[in-house]
Amino acid sequence: MNAIKIANYTDVKAQQLWKTLYLCAKENPKRRFHALYDKVYRPDILLEAWKRVKRKKGSGGIDGQTIEEIVMNYGERKFLNELYTQLKENRYNPSPVKRTYIPKENGKKRPLGIPTIKDRVVQMATKMVIEPIFEADFQECSFGFRPKRNAHQAMASIREASKSSSWVVDVDIQGYFDNINQEKLIKLVEQKISDRRILKLIRKWLQAGIMEDGNVRNPLTGTPQGGVISPLLANIYLNTLDKLWSKKFHHLGTLVRYADDLVILTRTKQQAIESIQVLQGIMNKLDLTINRDKSKLVHLFDNKEGFDFLGFHNRKFEVHNKGGRPFYAMAHVPKKNAMKKMRARIKDFTEPRNKLYLDMRELVKGLNRILLGYKNYYKISPIAYNWLNKIDWYVTERLVLFYNKKKNNRRKHGNLAKVQEEIKHLVVKLARN
């Protein structure tokens with residue numbers, strides 16, 4: 001057996017494999033790949049997969065094994081060598097995912113499936129091998145969970161399309177991850193991959209089941225959110241929509257998709273209505289349903305209407321050219337729930353009484369890590385400064401409260417000028433140029 005070494009490794013070989021597979025798939029779009037499974041348990045691929053999983057951290061699955069336990073007690077080398085052997089000898093079988101729930105903006109909860117660490121590593125290794133094959137076929141309109149693509153690029157595409165568009169079809173897919181037709185998904189994977197062992201792996205993950213309250217159930221549809229391989233499989237499934245739109249319906253408008261969130265920008269209302277009809281037809285073929293309550297048709301002619309997408313509220317705001325003449329231009333500002341979440345996270349960080357033992361500089365240092373993330377994400381439009389300035393002021397208010405509690409000052413909102421001077425060069429300002 002090729003023992004897997006832990007030290008002094010770079011992912012150069014993994015990158016070379018990715019590039020080779022991508023170029024082969026790009027050169028011949030009809031090619032089906034058959035010799036892939038042995039790449040999944042290749043020592044360098046497994047090691048790189050483990051490093052990526054370890055870097056993302058996360059809790060353990062139903063077996064209770066955590067990343068920390070593997071590193072500190074079990075041993076990384078032992079863990080990877082056992083996984084290598086199981087895969088090579090076709091003895092690997094995934095465990096059911098652990099079901100947990102995370103809160104949604106509307107007060108409801110989103111189901112999340114947490115695979116075991118072992119399953120996450122194998123999924124990551126498989127993703128590294130098959131992703132370039134499908135990436136070569138993915139369309140320009142897709143931005144979610146893809147290499148070198150992000151939400152800001154999706155927003156840039158919306159800005160560009162809005163220059164010649166007056167209508168937006170804002171679409172929400174009903175329970176997308178839970179309603180993916182597994183058999184149709186496998187058929188889509190088979191269009192590019194003929195390696196039966198890879199297909200068997202994917203089937204095993206889809207059919208592994210979900211453990212909740214000690215009971216395991218096996219849904220006939222869907223791919224659990226939370227799995228490493230799930231975003232790629234979700235993109236493969238909706239690539240059908242992307243390709244059909246690019247080939248047959250692009251004349252109606254511009255499609256912008258980020259995972260299961262999508263909008264279509266059109267010039268006329270008639271095109272928008274036709275786009276809705278086309279979408280309904282494609283969704284029917286994919287056994288998916290458009291959520292009518294959350295989907296809407298938006299008129300962008302002036303700044304009266306807008307739509308939310310990827311944490312932004314998008315609308316044509318009135319601006320003025322150098323001569324003072326008004327016109328409407330698309331801009332992106334934090335949506336209401338995003339502002340609420342920012343305030344809540346800032347409060348949660350600064351409010352605990354044990355933080356009173358910290359020096360102001362130490363508190364601000366931790367707070368800045370949060371603020372930098374917001375600044376990097378939301379500061380893509382000059383108009384957003386007005387919204388971010390409100391968060392800057394809220395940060396100041398929280399630090400004034402902290403200062404007065406620390407000093408046992410009964411005037412909770414006093415000493416504003418003193419605090420502003422103390423934090424003047426310490427706090428990251430979201431609205432600063």
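**Which elements each supply at least two residues of the lining of the largest cavity?** In this predicted model, the elements that do so are α6, α10 (196–206) and α11 (230–249). Of these, α10 provides the largest share, three residues. The views below start at that cavity and then move on to other parts of the structure.

**Figure 1. The largest cavity and its lining of 17 residues.** This cavity encloses about 120 Å³ of space, and a search of the whole structure finds two cavities of 30 Å³ or more. If you want to find its centre, look for V97, P115, Q123, W205 and P224, the lining residues that lie nearest to that point. By class, the lining has ten nonpolar residues, six polar ones and one charged residue.

**Figure 2. The second largest cavity, with helix α15 (residues 384–406) as the main contributor to its lining.** Here the enclosed space is about 60 Å³. The lining is made up of T350, E351, P352, R353 and L356, together with R398, L401, F402 and K405. Helix α15 gives four residues to this lining, the most of any element. Sorted by class, the lining holds four nonpolar, one polar and four charged residues.

**Figure 3. The second largest pocket, with a volume of about 940 Å³.** A good place to begin is the centre of the pocket: of the 36 residues in the lining, R52, K56, M124, K127 and E131 are the closest to it. Several elements give two or more residues to this lining, namely the helices α1 (12–27), α3 (43–56) and α6 (117–135) and the strand β2 (109–114). The lining of this pocket comprises 16 nonpolar, seven polar and 13 charged residues.

**Figure 4. The packing of α1 against α6, two of the elements that give residues to the pocket lining of the previous view.** How do these helices lie relative to each other, roughly parallel or roughly antiparallel? Their axes come within 7 Å and cross at roughly 30 degrees. Angles under 35 degrees count as roughly parallel, so α1 is roughly parallel to α6. The crossing of this pair is right-handed. On the α1 side, the contact uses A14, L17, W18, L21, Y22 and A25; on the α6 side, the partners are M128, V129, E131, P132, I133 and E135. Ten of the contact residues are nonpolar and two are charged, with no polar residue among them. One of the α6 residues, E131, meets α1 here and also appears among the residues closest to the centre of the second largest pocket.

**Figure 5. The packing of α11 against helix α12 (residues 269–285).** For this pair, the axes are 11 Å apart and the packing angle is about 135 degrees. The two helices are therefore oblique to each other, and their crossing is right-handed. From α11, the residues in contact are L241, L244, W245 and F249. They meet S275, V278, L279, I282 and M283 in α12. What classes of residue make up this contact? Eight are nonpolar, one is polar and none is charged. Helix α11 also links this view to Figure 1, as one of the elements that supply at least two residues to the lining of the largest cavity.

Definitions and conventions. Residues numbered from 1 in each chain as written. Predicted model: local features only at pLDDT ≥ 70, side-chain atom pairs only at ≥ 80, totals over all residues. Heavy atoms only, no water. 1 Å grid on protein atoms, 1.4 Å probe; cavity = no way out; pocket = protein on both sides within 12 Å on 5 of 7 lines; lining within 4 Å. Points joined across faces, edges and corners; volume = space filled by probe spheres on them. Nonpolar A, V, L, I, M, F, W, Y, C, P; charged D, E, K, R; others polar. Axes fitted to C-alpha atoms, helices over the stretch in contact; angles between N-to-C directions. Parallel < 35°, antiparallel > 145°, perpendicular 65-115°, else oblique. Left-handed = near helix turned anticlockwise from the far one by under 90°. Contact = heavy atoms within 4.5 Å.
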